[in-house]
Structure formats: structure tokens, C-alpha cells
Amino acid sequence: MEKYRIYKNRLFSAVITILTVISIVPLIYILVLITMKGIGSINWDFFFNVPAPVGEGQGGISNAISGTFLLIILASFFSIPVGLLTGIFLSERAEGRFSYWVRVSADILQGIPSIVIGIIVYIWFVKQTGGFSALAGGISLAIMMLPVIIRTTQETLNLVPDSLKEASLALGVPYSITVLKVVIPAGISGIVTGILLSISRVIGEAAPLLFTAFGNPFMNMNIFKPVSAMPLIIFKYAISPFENWQNLAWGASFILIVFILVLNLFSKFVTEKWKTQF
Amino acid sequence: MENSVLNIMDFSAYYNEKKVLGNINLDFEALNVTSILGPSGCGKTTLIRCINRMHELVPKTRIQGQVLLNGINLYSMQPEIVRKKIGMVFQNPNPFPNMSIYENVISGYNLNGIKLTNFEKDRIVEETLQKVALWDEVKSDLHDRGSDLSGGQQQRLCMARALAMEPEILLLDEPTSSLDPKAVKNIEKLIYELKKSVTIILVTHSIGQAARVSDFTAFLYHGELVEYGRTKTLFTSPGDKRTEEYLTGRFS
């Protein structure tokens, strides 16, 4: 009986270990494969040239890198102020039916497939303005960033103790200044982390950009014109029959993953360094 | 009373339409310590939070009656102005965690956007920290975080933060309830010193503390002011049976 129990125990821990290993194998495989396939295409041209036409060498993805940065800047410009203020509102006015519905809406928005958001922005914005544009792409990414920023801001600010707010109000500081100068600084690490994570969530999105930013084989910094982006280039070139384009897609995947990795490490650093001890 | 700075007149407070304070009449003597004594839940914290209008932060509260500061009704002024004149120290020390000791002391000025020269700042910080007997302990690390201090030091820092605004009245809401006996003793000594320059209203459930530091004591029970008078008189010959029972520990 005793032996049976020991065997059962060993079997169980063996199963756990094996399943854990299996779960990280895809991750490691992805990282290794993309690094191996992608690192070969990384060179000076890759960063500073646009893709070369078929049969004329490899070229680069400078248009996609700059496009992704442009889209992220636009998306942040729209989503950060709105998301922050909504998050503050939800944490300060947690009671009430309106807050409840705002919270529910944010959660639903988070669950909407990105391609649907792309279509919605296409109908609302692209068709109205008469063409694909970086602006439309930025808006669709902003809609995807919003719920993440709203919820992390709200949850972080909920952790700031009320006693701090009271301390400030009791000094005769107006409510608005108290929120801006006492409550938000106390939760700044969580808020910044939320923003960084929301960026890393949308930076790899291709679907909402297909109908909005559309893609552009040339360098473009005009927000009213179509623009390329790294996930778009990966989508387009990975399924192309030309080897030089496929190589660009591998290289772009590699760079994209490095970006996301850096964003995540940086957000960890922010969490640790700026954390307020209550 | 001849020299009162704050008068509470026919004052009632309701939470959720439930009466928590009924018909309170109290006059506070200038430059004295007045204790508001009573068991937990008797409404003493509500009463002092009504004095600097902090009760307004809690939804569903309603008040009736008047509170006069130097003859002017507090409820006709802006709450921010009231709170600058009537400082408050809370039950648990709550220094601003991302400010240094120095910044904590002058935070009332900084947050209110009052510009000071560096010379004035240094002067205010040193003077107020001297007042709360913290200067000698922290003068070499003024730029360390306020929240790194011990509990008793943090509480004195919070008192300094309130005093730096030069309030007329300082409200202390059970300021020693989370502190160890030695820190309690320091704070009590401090209260005794501070009344030279500021009127102090102290909420406490400790009979001993009221007896040690206060000139006047108000005994509150179930939202009702049972008895009010000189601490000495109230403690030696209480006029009400409930006061006597509380003081002798027959209920708490």
C-alpha cells in the first residue's frame, strides 16, 4: 500500500514535469526558428531600405518599421488620454449604474476580434474619409489599446489607499489636484506598465490594419496616406512565392518579437523601479 | 465660554438617513486641548470629520445645524478654505509615499500651488519639524522617503505636515491608536507642547489619554453628547451616570 502511494506520487510529478516541458516547447521553438531564419536578413539595408521589387535583391523594411512607429504613436495619442481619464473615472466613481456599464463595455471591447474592429473603422472612418490612411490604422489600434489602459489604470488606482487622498484633501488641496498630484503619482508604475503592455498587444496586429492602414510599398510619414506596418509586411510577404520577400517576412518577425520582448522587459523594469510602497 | 474659537450649534449628522449624531452643542476653547471621548462607534470620528468637512467625501451623508469658526459658519465657506484653517491628523500615519520628509512637510504648499522661496521652505521645514520634535532625528536625512520612518516618526511627520499650513485648529483622530507605547508617550508630550500655538481637538477612546493631555473633555455616547466640561471636573465628579460608568470601565 505504502509503495503504491509513492509510485502514484512519482507518476504525478513526472506527468506535471512533462506537461510543463511540452507547454514551453512551442515558445522556444518559435523563438529559435524565428531567430535562425530572421537574423540572416538583418543588415544595414534591412533597416534603411524599402522592399526591393521581385528579382532585384532583397531590400529592407524601413517603410514597415517607420509605419509601425507612426501607427503606435497615433494610437497612443488617441488611446492614452481617453483610457487614462476613463480609468480614473472608474476608480473614483466606482458606484453607480453608469460606471458599471462602462466597465462592462471595456471588458466586451477587449473581447471583440481585432478584424471586426478593422471592419468597423473601415465603415466608420475609411469610407467616410475616402481612403486608407495611417490615421485610420491608428484609430483601430487605439480602440484595441483602450480597454487594456482603462482596466489597468482603474485597477492600479484602486490599490492606492484612500488615506493618501484624505491626507491631501485635509490640507485643503482641491479634489482635481489631489487626483493629479497625489493619486496618479502613487499609481504611476501600474499605469505606465498598462500602457506598455497595451502597446505590445497591438504592435503585432495585422488584421485591423488590413482595412485601415492597408500597407504601402514606399516610405510614408503622411498620416492621411496608407502606410505599411511590420505585421502587414509579414502577412503579405510570408505568403508570397518569392524567396527574397519571404526572407523579409522572417526578418520582420524577428524584429517584431525583439520589440515585444523589449517592451515587456521595460514594463517589468518600470513596475519594479517606480513602484510606490504604501 | 469666554474665548471659544469653534462653536458647534444644534448639530446633527445622518448617514443613509440614519442619525449618527444628534443635537450636539459644543464650544471649543482657543489654545486648549479638548478631548472627544467615547466608545467605538459613538460618532466621535464623524463629529471631527464634520468640523473640517471631510465627511462630505462619504456619499449619503447629511448634516443639520451650524459649526462656527470665529463666528463664521463653516458650511458657508469653501471646503478647501476650511481645511486649510483646520488641519487634520489621521488614525494611521499617512505620509505621501513618493515624497521625501522635506517634501512631505511643505506638501500643503506645493500641492496648493503656493510658491515659496527656497529660504522660506527651509525655514518652514525646520521650524515645523522642531515643533513636532522630529528635527533632531531626521535633520541629516531630510531627503529620504517619509514612509521609511518608524510609525511614531511618521505620525509626527503627518502632524508637521498639518502644522506647516499654520492652521487655527488641529484635529487629531485617534492619532496614537496604531503606535507603540513609547511613541504614544512622545505624541502625548507633543500635544501638550503644541497647544501653546494651536487649538487641538483630540478624538480618543483612551480614558487615560484624555486625562493626561486634555484641558476639556466631551463624552460622547451613541451619537449624543452626554457631558462636557473641564477634564478635571469631569473625571473627578462626573455629572452623568453613563460618564461615570464609562470612566470606571463598566462598559466600553
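The following exercises, with worked solutions, concern a predicted model of chains A and B.

In this predicted model, local features need pLDDT of at least 70 and side-chain atom pairs count only at pLDDT 80 or more, while totals for chains, interfaces and linings use all residues. Residues are numbered from 1 along each chain as its sequence is written, and chains are lettered from A in the order in which they are written.

**Exercise 1.** Work out what span helix α1 of chain A should have, and where α1(A) bends.

*Solution.* Helices are DSSP runs (H or I, at least four residues), numbered from the N terminus, and the expected span is 1.5 Å times one less than the number of residues. For the 38 residues of α1(A), residues 2-39, this gives 56 Å, which agrees with the 55 Å between the end C-alpha atoms. The bend, which is the angle between axes fitted to the seven residues ending at a residue and the seven starting there, is about 30° at I24(A), and P26(A) follows within four residues.

**Exercise 2.** Decide whether α1(A) lies largely buried or in the open.

*Solution.* A residue counts as buried if 20 or more other C-beta atoms, placed from the backbone, lie within 10 Å of its own. Of the 38 residues of α1(A) one is buried, so the helix lies largely in the open.

**Exercise 3.** Describe the contact between chains B and A.

*Solution.* Taking contact as C-beta atoms, placed from the backbone, within 7 Å, 21 residues of chain B touch 19 residues of chain A. On the chain B side, α2(B) gives the most, with four residues.

Terms used
Helix = DSSP H or I, 4+ residues; strand = E, 2+ residues; numbered from the N terminus. Buried ≥ 20, exposed ≤ 12 C-beta atoms within 10 Å, placed from the backbone. Contact = placed C-beta atoms within 7 Å.
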